[in-house]
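The following exercises treat backbone geometry, aromatic contacts and internal space. Each task is followed by a worked solution.

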Amino acid sequence: GPAPKDFPEILRRLWWTLDMALDDDGVLSSALVCLVDAIRNGTTTLFDHHASPVHIDGSLDIIAGAVEAAGLRAVLCYEVTDRNGPEGAAAGIAENVRYIKQQRARSAGNDQAMLSGLFGLHASLSLSDETLAQCVAEAEALGDVGFHVHAAEGPADQEDSLARYGVRTIDRLRARGVLNPRSIVAHVTAIDGWEMAALRKSRTWVTHQPRSNMNNAVGVADLPAMLRGDMPVLLGNDGFSNDMFTEMKTAYLLHKVWRNDPRAMPGNQVIDMAYRHNARLAAQHFPLPLGEISVGAAADLILLDYYPTTPMTADNLPWHILFGVSGSHVTHTMAAGRWLMKQRELLTLDEATITAHSRKVAAATWQRFWELSGK
């Protein structure tokens, strides 16, 4: 059929139907494929926002098992939504609560813990006040839990919030108790200055996904203003490849063309966001310091086959990373002192077997997709 004309159509015609088509095998295969991609591109810590409405119970355990097999670390959550009815929303809430309790019990006193959890919410446009209140009550009962939510991802979320609740998206989430220093809001491409101030005051983490936002044509988050205000802004990918070098390049370029100003989003700001800020978020979930080489820090290291053709110094390092390096330069990946890849050979996952199986699973998943979409 015709290509979706806007983001709401993309959600309805592609993602929400594809979510419904996932079975347990699809959940596992999609996780393993992305974990292979992460290791190959030198990404050792992942924050994932999952949905599989037909197979909710235990779905986070399937992903967690794949993460453990890969040797990476991850912060997982299940996205609660009302789009699959009250039973689906209740099951999503229960999966978040169960998983968070389970990981807390497993990680208690364990400074080598590699798994953690957040409370997942889809977006304001698919969550009623009643469901949001249930989620906040459960999170408060757990204590010291943050939320992970898509927010103001384009004008549709804002228009829905204004039409149904009379307030803008971030104002609604703030009033409902979702914003706090442990919560992550993704995208925020359609917010005003007051909403930005609310995010800043609450110290909520904001994640920027430039490739995803460009692909869905949902606008550009005003990162230069947020960084000027010392807001905790992170770099993510929202389902694009785990080659974060490419995400950094995209962020560096996007804001220049958006602002029509080559000075916008300088390289040192991009690197600071991708490394220092992302590591600060991870530090909330894992006991050992990440993103640094120091005594007592987590031994997460990558080696790159990069030979600079111009001098490389501390001052120009950000631009070497932005213009010279890509995920294809990664030859070795280590997480928690364990080699996961050496000389581009994966040591913990069998990529050939995973890929062969994923092709079969994908074919079956898409067959269900067409059946669900009536084609």
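**Exercise 1. Determine whether Ala-217 is buried or exposed, and describe its backbone.**

Solution. Ala-217 has a relative accessible area of 67%, so it is exposed (buried is under 20%, exposed over 50%, partly exposed in between, with a 1.4 Å probe and protein chains only). The model is predicted, with local features needing pLDDT of at least 70 and side-chain atom pairs counting only at pLDDT 80 or more, while totals for chains, interfaces and linings use all residues. Residues are numbered from 1 along each chain as its sequence is written, and side-chain values use heavy atoms, leaving out hydrogens and water.
Next, locate the residue: Ala-217 falls in the loop between α9 (210–216) and α10 (223–228), where helices (H or I, at least four residues) and strands (E, at least two) are DSSP runs numbered from the N terminus.
Finally, the phi of Ala-217 is positive, about 55 degrees, although the residue is not a glycine.

**Exercise 2. State where Gln-343 lies and what its phi is.**

Solution. Gln-343 belongs to the loop between β11 (338–342) and β12 (345–346). Its phi is near 45 degrees, a positive value in a residue other than glycine. With a relative accessible area of 61%, Gln-343 is exposed.

**Exercise 3. Count the aromatic pairs and classify the pair Trp-366 and Trp-370.**

Solution. Rings of Phe, Tyr and Trp (its six-membered ring) pair if their centres lie within 6.5 Å; planes under 30 degrees apart are stacked, over 60 edge-to-face, and the rest tilted. By this rule there are five aromatic pairs. The centres of Trp-366 and Trp-370 are 6.2 Å apart and the planes are at 40 degrees, so this pair is tilted.
Both residues lie in helix α14 (residues 351–372), four residues apart, about one turn of the helix. Trp-366 is partly exposed at 33% relative accessibility, and Trp-370 is partly exposed at 37%. Ring pairs also bring in Phe-369, linking it with Trp-366 and Trp-370 into a cluster.

**Exercise 4. Identify which residue places its charged end over the ring of Phe-286.**

Solution. A charge sits over a ring if NZ of Lys or CZ of Arg is within 6 Å of the ring centre and within 35 degrees of the ring normal. The charged end of Arg-73 sits over the Phe-286 ring, 5.5 Å from its centre. Likewise, Lys-256 lies over the face of Tyr-252, at 3.5 Å from the ring centre.
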